[in-house]
Amino acid sequence: MKPPTRHRSRARFVLPAMSLSTSLVATLASAEPPEAPARAPSAIPSQAMITPNYKDADLTQIVEAVSQVTGKNFIIDPRVKAQVTMLSATPMSPGAFYEAFLAILQVHGYVAVPSGKVYKIIPDANARQVPANDLPETVSSSSDELVTQVVQLKNVSAAQLVPILRPLIPQNGHLAAYTASNVLIISDHANNVSRLLRIIQRIDSGGDEDIDVIRLEHASANEIVRVVNQLAQGASAEGGAATKLIADDRTNSVLLSGEKNARLKLRALVAHLDTPLESGSGTRVRYLKYADAEKIATKLKEQMQATTGATAAQGAAPQPDKSTTIWADPATNALVITAPSKTMRQVMDIVDRLDIRRLEVQVEAIIVEITGSSNVDLGINWLVDGSNSNILSGGFVSPIGAAGTSIATIAAAAQNPTAITPSQIPNGLTLGVGRIQKTGTNFAAILNALGGKANTNIISTPTITTLDNQEAQIKVATEVPFVTGQYASTQATSTGASGVVNPFQTIQRQEVGTILKITPQITDDGTVLLKIDQEVSSLIKSSIATVDVQTSKRVINTRVLANDGEIIVLGGLISDSVTESEQRVPGLASLPLIGHLFKTRTSSKEKTNLMVFLRPKILVDREQMATETEAKYNYVRELELRSHGKVQMLPGEHQPTLPDLKDLAPRAAPSETPKSRASRADAPAATPPPPADGPTG
């Protein structure tokens, strides 16, 4: 090596005027490396000009030259290796030389990443994982430095932009969307990031379009939106601009948004469609889904007459509107309407609001009746007959038991046992002693004691489902005949005897059981207003054998408010009655011990608890209705399965059982009928109307 030559080349490299330094940098690139390490020269002044030229130079030599020119310190990854050719015909500043150096790195798949006071030169594939020039105020459109930028979007969705911008990002770049804040995160070379920012700014400003409100005079806003939406769908399928059209029924207007040129074209189309018919009126067939066509037709005629009357009240002569006719077809539940365009819109608007799916309400009543009763009868009856022995006769006789049999009857039956009837035998414990003979003194005494206790627990849960504001009734009752009158006439016969002829009775049947009438009305706040008529009646068993049958009846008539699914109490009765009776002989019954021979006592207590509860449940859709139906169905089926399905004394026979609800699933829906197509076409949807539903001049 020749040190003077090396020093001479360095002196030439730092000359202020670099117009002749073309061979200088080339000399640095092609000079033989020194045997001993030399101290790096100071950076070339920023006003110096450089004309670099390289041919098949090693990349590390160019890094050394850039370090000397710019004063930057570099750390080179061992994987960074390349042969570089760079030709420059014009001088450049150190800053421009550094930008050219970054371009060389990008061409060969490397990048310079700042790390403190040094720059790391690493493969481009690892650039996303190290800090770079993050979130700069401005992004250069000519620099190749690595930049990370966060873009806040205002009018478009960040997630929708990712697939659009992804092809513009190299494989080693990074593009992601954070939907929570609607931002994009971009990491790439500065010139490409600047390009993407300009594209995003143009796209994001597309949402700042005005909204046109087009007031219609003749056509229906729903019909115009339906027709134009069909056209817009066809244009969108062919790559046309996307627009939005919304119908405002209240003002019969069309709201239009989108790109300005597209809005101008659609405004012209809407204006062309908003023209009166040549005949001035049209005929439409409107198939109803839920309402009754005959009832709706009657109400619409009354509405048209009321409108004509209001016009006459303002000073005009009342003239019948012969251009408007409305009639119903019960077979198809359809309305046939002939009217001018303005009247047609009014009629269709009324039908749209009346022909809706009404909510349903399931009402479950819970009737609980718990009754407990107890009674005790205790008494002594005695009788002395001394007529055969000249002794006084007497006794204490009081009815014994519920049959009211006296001791005299029992004594007579004792002499003639075959004459006694079951009703004359007292209930409970009866002990008797006595003497009954034809001569001498006869006497008899009976001790009767009876205690009883009864408990009754009745729970009835009738359930009924009905439409909103529609009365429903459930009746679980038995028709019991009641005799209301009878007649019989007598007539003398030829033998002089009289007989009964033409006897007859008048009978009226009365329902005895549980009867529930209910009318639910769903309010705006989700509560249910219930009009309830509840009746629970039953026969009194003790009166069945009598001439007049007695019934017990419990009736509730009320109006209540209840929340959805809430259990409320309608009413009830809690009664607790105690009855004590005593039959006694005044004075004698008060004597100690002996007084019990002159009295009978009866005590009874009865307690009744009757409560009626109600739980309404609003059924919003068919899924909820299906859930409630499945629950009730499976409950009844489970009760049937518990009986094991066998029939006693009939081997091989089984109890009838409900089939599994899964086996009763509906089959595939049949093909669409013309009525369903026409009904769907009347709705403001993007479907073609049937021929019968369009205006017919």
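Where does Leu-588 lie? In this predicted model, Leu-588 is found in the loop between β25 (568-584) and β26 (599-619), with strands (E, at least two residues) and helices (H or I, at least four) taken as DSSP runs numbered from the N terminus. Leu-588 is partly exposed, at a relative accessible area of 38%; the term covers values between buried (under 20%) and exposed (over 50%), with a 1.4 Å probe and protein chains only. Together with Leu-591, Leu-593, Ile-594 and Leu-597, Leu-588 makes a nonpolar surface patch of about 470 Å². Patch residues have over 30% relative accessible area and no salt bridge, and nonpolar side chains are joined within 5 Å; a salt bridge is a Lys or Arg side-chain nitrogen within 4 Å of an Asp or Glu carboxyl oxygen.

Turning to the interior, the largest nonpolar core (buried nonpolar residues joined through side-chain atoms within 4.5 Å) has 26 residues, of which Leu-59, Phe-74, Tyr-98, Phe-101, Leu-105 and Ile-121 touch the most other members. Elements supplying at least two residues each include β1 (54-58) and α3 (59-70), while α4 gives the most, with 7 residues.

An open sheet of 3 strands follows the order β10-β12-β11, with antiparallel pairing; strands pair if DSSP finds at least two bridges between them. β10 (211-215) and β11 (244-248) stand at the edges, each with a single partner strand, so one side of each lacks a neighbour in the sheet. β10 is joined to β12 (residues 253-257) by 5 bridges, and Ile-214 has Val-254 as its bridge partner in β12.

Residues are numbered from 1 along each chain as its sequence is written. For this predicted model, local features need pLDDT of at least 70 and side-chain atom pairs count only at pLDDT 80 or more, whereas totals for chains, interfaces and linings use all residues, and side-chain values use heavy atoms, without hydrogens and water.

Methods: Patch = residues over 30% accessible without salt bridge, like charges linked within 9 Å, V, L, I, M, F, W, Y side chains within 5 Å. Areas by Shrake-Rupley, 256 points an atom, 1.4 Å probe, with all protein chains shown as cover.
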